[in-house]
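Grab a coffee and work through these exercises with the model open beside you. Each one sets a task and then walks through a solution.

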Amino acid sequence: MNNLKRRVAFVTGAASGIGLGMTRAFLGAGMRVMLADIERQALDRATVALRTELPPDRADDIAAVVVDVAERQSVFAAAEATLAAFGKVHVVCNNAGVTSGGLIEETTEGDWHWVVGVNFLGVVHGCQAFIPHIKRQGEGGHVVNTASMAGVLGAMPAWAPYNSTKFAVVGLTEVIRQEGREGGYGASVLCPGGVATNIYRAPRNRSERYGPQRSTVARDVTAEDIGKGLDPDVVGRLVLEAILADRLFVFTDPRMRGRVERRHAKMLADFDWAARSDALTRAGAPGT
Ligand SMILES: NC(=O)c1ccc[n+]([C@@H]2O[C@H](COP(=O)([O-])OP(=O)(O)OC[C@H]3O[C@@H](n4cnc5c(N)ncnc54)[C@H](O)[C@@H]3O)[C@@H](O)[C@H]2O)c1
């Protein structure tokens with residue numbers, strides 16, 4: 001997309017952190033935004049605060065809807081609410097996310113249902129609820145799915161549910177970006193490094209249906225750690241720039257490039273090992 005003025009964005013997790021940063025950047029670019037979040041009070045606070053940053057004649061450029069992205073019907077209802085409020089939708093940011101720590105043997109079934117439900121199925125629901133509208137309108141569009149550097153780098157001990165879902169979000173986004181070539185929309189995957197948000201308090205939004213939280217992320221990530229991260233408003237402006245430039249990956253920490261290079265070098269070394277392996281060479285397998 002190259003002109004975002006008056007275009008409509010839908011952003012999940014918009015009441016806090018990166019979602020709020022994206023919302024602020026979109027409003028600053030003249031867009032209209034539907035803020036969606038599970039936390040009604042935080043959503044109301046964010047909406048009021050953002051309205052005060054806009055000229056009075058743009059008060060209607062913001063609307064808000066309570067949503068639980070893990071619930072398919074809730075996301076489809078939010079899509080209807082977005083169309084009712086603005087008539088159209090062009091940019092969809094599937095950003096809401098949570099984290100739950102613990103070694104693999106400590107994690108509960110509830111931990112997996114919660115983290116997979118929000119971080120991965122939440123993104124699936126957002127794509128399914130909104131992409132048909134973007135295609136039908138025929139005015140172009142863009143999907144931004146929030147993964148993490150945890151979706152690009154493996155091996156984050158004690159973060160299995162989070163790490164796994166973020167890899168899934170990267171894979172899903174690469175697929176829909178291909179599908180979007182026919183469908184007339186773009187797609188990007190946001191892979192933040194550390195950003196100063198409320199993510200370390202993620203269990204505040206864990207519903208009772210997932211059972212008790214036994215291990216906490218506080219063991220791994222503290223308020224102090226996260227406070228050293230990037231300003232979420234900067235991430236919001238980066239996302240805006242990436243939509244206009246139609247980038248696939250949106251990285252927030254260029255210092256992490258070396259770690260990605262080392263991961264890929266290890267992967268390539270394992271191809272070379274496979275090409276020399278007894279099993280494949282004896283079988284005369286292609287590529288040996
Ligand atoms: N902060 C970081 O360092 C960092 C790094 C990499 C990736 N991320 C990702 O960025 C995204 C945003 O997180 P953040 O850091 O801004 O955290 P945050 O806690 O400040 O914001 C997350 C928002 O999502 C909302 N939310 C939680 N569960 C929800 C649900 N079921 N339905 C709808 N909304 C829900 C929360 O109420 C909150 O407003 C997440 O996907 C997270 O995994 C964050």
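## Exercise 1: Arg263

Leaving aside neighbours within four places in sequence, Arg263 is in contact with Leu153 and Gly154. Contact here says that two C-beta atoms, placed from the backbone, lie within 7 Å. Before going on, note that this is a predicted model, where local features need pLDDT of at least 70 and side-chain atom pairs count only at pLDDT 80 or more, while totals for chains, interfaces and linings use all residues. Residues are numbered from 1 along each chain as its sequence is written.

Task: work out which helix holds Arg263, and whether Arg263 is buried, exposed or partly exposed.

Solution.
- Step 1. Find the element: Arg263 lies in helix 8 (residues 257–276). Helices are DSSP runs of H or I with at least four residues, strands are runs of E with at least two, and both are numbered from the N terminus.
- Step 2. Count neighbours: Arg263 has 13 other C-beta atoms within 10 Å.
- Step 3. Apply the cut-offs: a residue is buried if 20 or more other C-beta atoms (placed from the backbone) lie within 10 Å of its own, exposed if 12 or fewer, and partly exposed in between. With its 13, Arg263 is therefore partly exposed.
- Step 4. Try a distance: Arg263 and Gly193 sit 70 residues apart in sequence, and their C-alpha atoms are 16 Å apart in space.

## Exercise 2: Two domains

Task: say how the protein chain is divided into domains and how many residues of domain 1 are in contact with domain 2.

Solution.
- Step 1. Split the chain: domain 1 covers 8–252 and domain 2 covers 256–288. These bounds come from an automatic or database domain assignment.
- Step 2. Check the spacing: 35 Å separates the C-alpha centres of domain 1 and domain 2.
- Step 3. Look at the contact: 6 residues of domain 1 touch 4 residues of domain 2.
- Step 4. Sort by class: the domain 1 side of that contact has 4 nonpolar, 2 polar and no charged residues. Nonpolar covers Ala, Val, Leu, Ile, Met, Phe, Trp, Tyr, Cys and Pro; charged covers Asp, Glu, Lys and Arg; the others, Gly among them, are polar.

## Exercise 3: Gly21 and the pairing of helix 1 with helix 7

Task: describe how helix 1 and helix 7 pack, then place Gly21 in the picture.

Solution.
- Step 1. Get the geometry: helix 1 (residues 17–28) and helix 7 (residues 232–245) pack at about 55 degrees, with axes 7 Å apart. Axes are lines fitted to C-alpha atoms, for helices over the stretch in contact, and angles run from 0 to 180 degrees between N-to-C directions.
- Step 2. Name the arrangement: that angle makes helix 1 oblique to helix 7. Under 35 degrees counts as roughly parallel, over 145 as roughly antiparallel, 65 to 115 as roughly perpendicular, and the rest as oblique.
- Step 3. Read off the residues: helix 1 brings Gly17, Ile18, Leu20, Gly21, Met22, Arg24, Ala25 and Phe26, while helix 7 brings Pro232, Asp233, Val235, Gly236, Arg237, Val239 and Leu240. By class, the contact has 9 nonpolar, 3 polar and 3 charged residues.
- Step 4. Zoom in: Gly21 lies in helix 1 and is buried, with 27 other C-beta atoms within 10 Å. Beyond its neighbours within four places in sequence, Gly21 is in contact with Pro232, Asp233, Val235 and Gly236.
- Step 5. Add a distance: Gly21 and Asp231 are 210 residues apart along the chain, yet their C-alpha atoms are separated by 8.4 Å.

## Exercise 4: Helix 4 and its partners

Task: decide whether helix 4 and helix 5 are roughly parallel or roughly antiparallel, then do likewise for helix 3 and helix 4.

Solution.
- Step 1. Helix 4 (residues 109–137) and helix 5 (residues 160–183) pack at about 10 degrees, their axes 9 Å apart. They are therefore roughly parallel to each other.
- Step 2. Their contact has 14 nonpolar, 3 polar and 3 charged residues.
- Step 3. Helix 3 (residues 72–86) packs on helix 4 at about 30 degrees, with axes 8 Å apart, so helix 3 and helix 4 are roughly parallel to each other too.
- Step 4. Arg72, Val75, Phe76, Ala79 and Leu83 of helix 3 make the contact with His125, Gly126, Ala129, Phe130 and His133 of helix 4.
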